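Student: I have a model open and would like to go through its strands and cavities. Can we start with how the chains pair up?
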Amino acid sequence: MAAIYSLYIINKSGGLIYYKDYGSAGRMDTNDTLRVASLWHSMHAISQQLSPMSGCSGIELLQADTFDLHCFQSLTGTKFFAVCEPGTQQIESLLKYIYELYTDYVLKNPFYEIEMPIRCELFDINLTQSVQKDRVALLGQ
Amino acid sequence: MQFFGGSEISPSPPAPTASGNNGHMLYVFNRNGICLLYREWNRPLHTLNAQQDHKLMFGLLFSLKSLTAKMDPTSAEKGNLGVPQLPGQGCSFHSFRTNTYKLSFMETPSGIKIILVTHPRTGDLRESLKYIYNLYVEYVVKNPLYTPGSPIRSELFNTTLDQYVRGIA
């Protein structure tokens, strides 16, 4: 039983820079994940246009029949979104923590080219650790 | 999720609370994308003109349904992105929330899409949307002078709808 099914990180232009699947039947190949990420980027932008009030910053939570999608957008426009089981709690704080990991292990890496796909081992290790920790905590309840 | 059957013709609506005035807008589309009804109660910001707004809304919903069908983590057999899905086929979303509004969506087997835009802290409105669909059936579909696929012009429907939405939390 996974708390998170998958995690995506997209840059400010909508390109996918990181994708991790944590064991779902709906694993997609690379091309499909790229398409899905760009589609999400556009939907996020359109949702701001349809707002009845000013100051809309885009979709934060999408609830579907079999999953929930939580999205966190940083101030620079980088979006972190996670597909998880319906009703999972605390994903917002997990996404913010992943953003911290991103700033520490990716942005501060001098060999990392901004907006390019993430290939930082320490980021992967710490990310897996934090997601596993989350999963254990949820199973323990 | 039952549309037909059940002991009552219309399900009883969720108990109204005292808050009121949380409904911003309501859209009803048919399966071809024609906007059958657009009601507006509280909309300070108009970004686009009415036609473009309806088209954008329909387009957003179509794409989101396509996205959720593709991203469904519980099924392995999926079509490609952008392939039109039949109503009820594939995983569909029922609501999304932003910091300024919450959009609740329901699609019937006949392709009628009902969208209600409310305050972001509104709860699950699926039962309310089902009730609104039943209002549509009673006041619009059963009206012999109504042509399916044309915009709805029924004062009685509008009044009942306004009254009901005012009562939703």
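Tutor: This is a predicted model. In it, strand 3 (residues 59–64) of chain A pairs with strand 3 of chain B in the antiparallel sense, over 5 bridges.

Student: Which residue of chain B stands opposite A:Gln63 there?
Tutor: B:Ser95, in strand 3 of chain B, is opposite A:Gln63.

Student: And is strand 3 of chain B buried or exposed?
Tutor: Strand 3 of chain B covers residues 93–98, and 5 of its 6 residues are buried, so it is largely enclosed by the rest of the structure.

Student: Which strand of chain B is joined to strand 3 of chain B by 3 bridges?
Tutor: That is strand 4 (residues 102–107) of chain B, and the two run antiparallel. They are connected by a hairpin through 3 residues.

Student: What stands opposite B:Ser95 in strand 4 of chain B?
Tutor: B:Ser104 does. B:Ser95 therefore has a partner in each direction: A:Gln63 and B:Ser104.Student: Switching to cavities. How many of 30 Å³ or more does the structure hold?
Tutor: There are 2 cavities of that size. The second largest holds about 50 Å³ of space, and its lining includes A:Gln63, B:Ser95 and B:Ser104.

Student: What else lines the second largest cavity?
Tutor: The other lining residues are B:His94, B:Lys102, B:Gly123, B:Asp124, B:Leu125, B:Arg126 and B:Leu129. Strand 3, strand 4 and helix 2 of chain B are the elements that give two or more residues to this lining. By class, the lining has 2 nonpolar, 5 polar and 3 charged residues.

Student: And what is the volume of the largest cavity?
Tutor: About 60 Å³. From chain A, its lining takes A:Tyr5, A:Ser6, A:Tyr8, A:Tyr19, A:Asp21, A:Ser24, A:Gly26, A:Met28 and A:Val83, and from chain B it takes B:Met71 and B:Pro73. The elements giving two or more residues to it are strand 1 and strand 2 of chain A.

Student: Which element gives the most to the lining of the largest cavity?
Tutor: Strand 1 of chain A, with 3 residues. The lining as a whole has 7 nonpolar, 3 polar and 1 charged residues.

Student: Take A:Ser6 from that lining. Why does A:Ser6 count as buried?
Tutor: A:Ser6 has a relative accessibility of 5%, and the cut-off for buried is under 20%. The residue is found in strand 1 of chain A.

Student: What is A:Ser6 in contact with, leaving aside its neighbours within four places in sequence?
Tutor: The contacts are A:Tyr19, A:Lys20, A:Asp21, A:Tyr22, A:Phe81, A:Ala82 and A:Val83.

Student: How many residues of strand 1 of chain A are buried?
Tutor: Strand 1 of chain A spans residues 4–10, and 7 of its 7 residues are buried.

Student: Which strands does it pair with?
Tutor: Strand 1 of chain A is joined by 6 bridges to strand 5 (residues 79–84) of chain A, running antiparallel. It also pairs with strand 2 (residues 16–21) of chain A, again in the antiparallel sense, over 5 bridges.

Student: Where does A:Ile9 come into this?
Tutor: A:Ile9 stands opposite A:Phe80 in strand 5 of chain A, and its bridge partner in strand 2 of chain A is A:Tyr18.

Student: What about the turn between strand 1 and strand 2 of chain A?
Tutor: The two strands form a hairpin with 5 residues between them. In the turn, A:Gly14 has a positive phi of about 100°.

Student: Back to chain B. How many helices and strands are in it?
Tutor: Chain B has 3 helices and 5 strands. From the N terminus on, the order is β-β-α-β-β-β-α-α. Of its 169 residues, 49% count as buried.

Student: Which residues of helix 3 of chain B are buried?
Tutor: They are B:Phe157, B:Asn158, B:Thr160, B:Leu161, B:Asp162, B:Tyr164, B:Val165 and B:Gly167. What covers them includes strand 1 (23–29), strand 2 (35–40) and helix 2 (126–141) of chain B.

Student: What span should helix 3 of chain B have?
Tutor: Its 13 residues, 155–167, should span 18 Å at 1.5 Å a residue. The end C-alpha atoms are 19 Å apart, which agrees.

Terms used. Residues numbered from 1 in each chain as written. Chains lettered and ligands numbered in written order. Predicted model: local features only at pLDDT ≥ 70, side-chain atom pairs only at ≥ 80, totals over all residues. Heavy atoms only, no water. Helix = DSSP H or I, 4+ residues; strand = E, 2+ residues; numbered from the N terminus. Expected span 1.5 Å × (residues − 1). Buried < 20%, exposed > 50% of the residue type's maximum accessible area, 1.4 Å probe, protein only. Contact = heavy atoms within 4.5 Å. Pairing = 2+ DSSP bridges. 1 Å grid on protein atoms, 1.4 Å probe; cavity = no way out; pocket = protein on both sides within 12 Å on 5 of 7 lines; lining within 4 Å. Points joined across faces, edges and corners; volume = space filled by probe spheres on them. Nonpolar A, V, L, I, M, F, W, Y, C, P; charged D, E, K, R; others polar.
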